[in-house]
Amino acid sequence: MVQEEQTFAALRWIGDVDGYLELLDQTRLPTEVRYLACRDVDTLFEAIRSLRVRGAPAIGVAAAYGVCLGLQGTVELMEADFFFRLDETCRYLATSRPTAVNLFWALERMRQTAELQRGLVLHELLQAMLLDEARRIHEEDTAMCRAIGLHGATLLNDGDGVLTHCNAGALATSDYGTALALLYTAQEQGKRLRVFVDETRPLLQGARLTAWELQRRGFDVTLICDNMAAQVMREGRIQAVVVGADRIAANGDAANKIGTYGVAVLAKAHDVPFYVAAPSSTFDLAIADGHGIPIEERDPTEITHGFGRQTAPDGVKVYNPAFDVTPAKLIRGIVCERGVIAPVTVENIRKTIG
Ligand code: MRU
């Protein structure tokens, strides 16, 4: 078990229905550990959009609590107005980021919880029920991380070198993370791993977040630039790649942080198994394959003025997709809380998730 002082909560609800959401502001890491209080939906919306809270499962949990924020002060409203406010809050939060399906999944769950009670209960009680539902989503996320860790740790051996991209760890979830849950669980089982972390351009989630959280938890961690992965694989240092996902289509094509697809191609070329770890809430079975997954495009200044310093000429044309899609055929297995889906086929996914 990791020690208390090495752990941190990516997010936590403080108080009761009239409470607020606290987020570990990830834009300040690794140099500053500071929590941000979100007392209204606008503050939370900005926090999601600017990646103060990020990672598919954490965005979902944050959005569920965001619905509770949006419904504060509604006790006096007529039922129609209450549901109008609920609808408005869900629609607004749904526009914060487009790719991670957990956001839409969590909002839909909150909406359905409220719909089931329409006409039956007082708003006060309904607000309490919705906070309970958000807390349940939060707790389930913790259980999901542990289950993913247990299923996935079997894929890693003592002494393995493991490469990961972006941050799919404790900072991206309520607990152990998804990809990093495999590492935490393997470590608990006494396996010693050497973890290589891609820096993850342009926002450096690997360098700022993954290296930070793994180092705190006592891992042998080595940071590399994204363009070093091929060389590190050729040198035989990597025995497995593990990444998270933001949305997985019905055929197993998986969207994750930009650069993941490249790593998967490299893994194939070097005969290194490439695994995706994600909860069932990251699957979007309504989308047949990766072509249907919406890919977020972000501000060009993330590339031209990364972290406040200009590194490209004025006026240069920039393309900045935040995610890419790894085709299912490059994925050796998808680890979810219900087990390891391998080989990755429509049938196997339907059997486990559908
Ligand atoms: O833009 P980000 O930092 O939200 O991207 C996050 C990722 O790509 C993660 O790998 C993914 O959300 C899985 S988190 C368990």
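Trainee: What makes the shell around the ligand draw on both domain 1 and domain 2?

Mentor: In this predicted model, domain 1 (11-145) and domain 2 (154-353) each give at least three residues to that shell.

Trainee: Which elements give two or more residues to the shell?

Mentor: Those are helix H2 (56-70) and strand E9 (254-257). In total, 17 residues surround the ligand, with Arg54, Ala56, Arg97, Asn256 and Lys257 the closest.

Trainee: Why is the pair between asparagine 256 and the ligand called a polar contact?

Mentor: The cut-off for a pair of N or O atoms is 3.5 Å. A polar side-chain atom of asparagine 256 is 2.6 Å from a ligand oxygen, so this pair qualifies as a polar contact. Aspartate 246 also passes, because an N or O atom of its side chain is 2.9 Å from an oxygen atom of the ligand. With alanine 56, a polar backbone atom lies 2.9 Å from a ligand oxygen.

Trainee: How do you know how much of the ligand the protein covers?

Mentor: On its own the ligand has 420 Å² of accessible area, and the protein covers 100% of that. The space the ligand takes is the largest cavity.

Trainee: How many residues of each class are in the shell?

Mentor: Eight are nonpolar, five polar and four charged.

Trainee: What makes the bond between arginine 201 and proline 202 stand out?

Mentor: That peptide bond is cis, with omega about 0 degrees. Proline 202 sits in the loop between strand E5 (194-198) and helix H7 (205-216). Another cis peptide bond joins alanine 342 and proline 343, where omega is about -5 degrees.

Notes. Residues numbered from 1 in each chain as written. Predicted model: local features only at pLDDT ≥ 70, side-chain atom pairs only at ≥ 80, totals over all residues. Heavy atoms only, no water. Near = heavy atom within 4 Å. Polar contact = N/O pair within 3.5 Å; in protein donor to acceptor, adjacent residues only side chain to side chain. Areas by Shrake-Rupley, 256 points an atom, 1.4 Å probe, with all protein chains shown as cover. 1 Å grid on protein atoms, 1.4 Å probe; cavity = no way out; pocket = protein on both sides within 12 Å on 5 of 7 lines; lining within 4 Å. Sits in = over half its atoms within 2 Å of the grid points. Helix = DSSP H or I, 4+ residues; strand = E, 2+ residues; numbered from the N terminus. Nonpolar A, V, L, I, M, F, W, Y, C, P; charged D, E, K, R; others polar. Domains from an automatic or database assignment.
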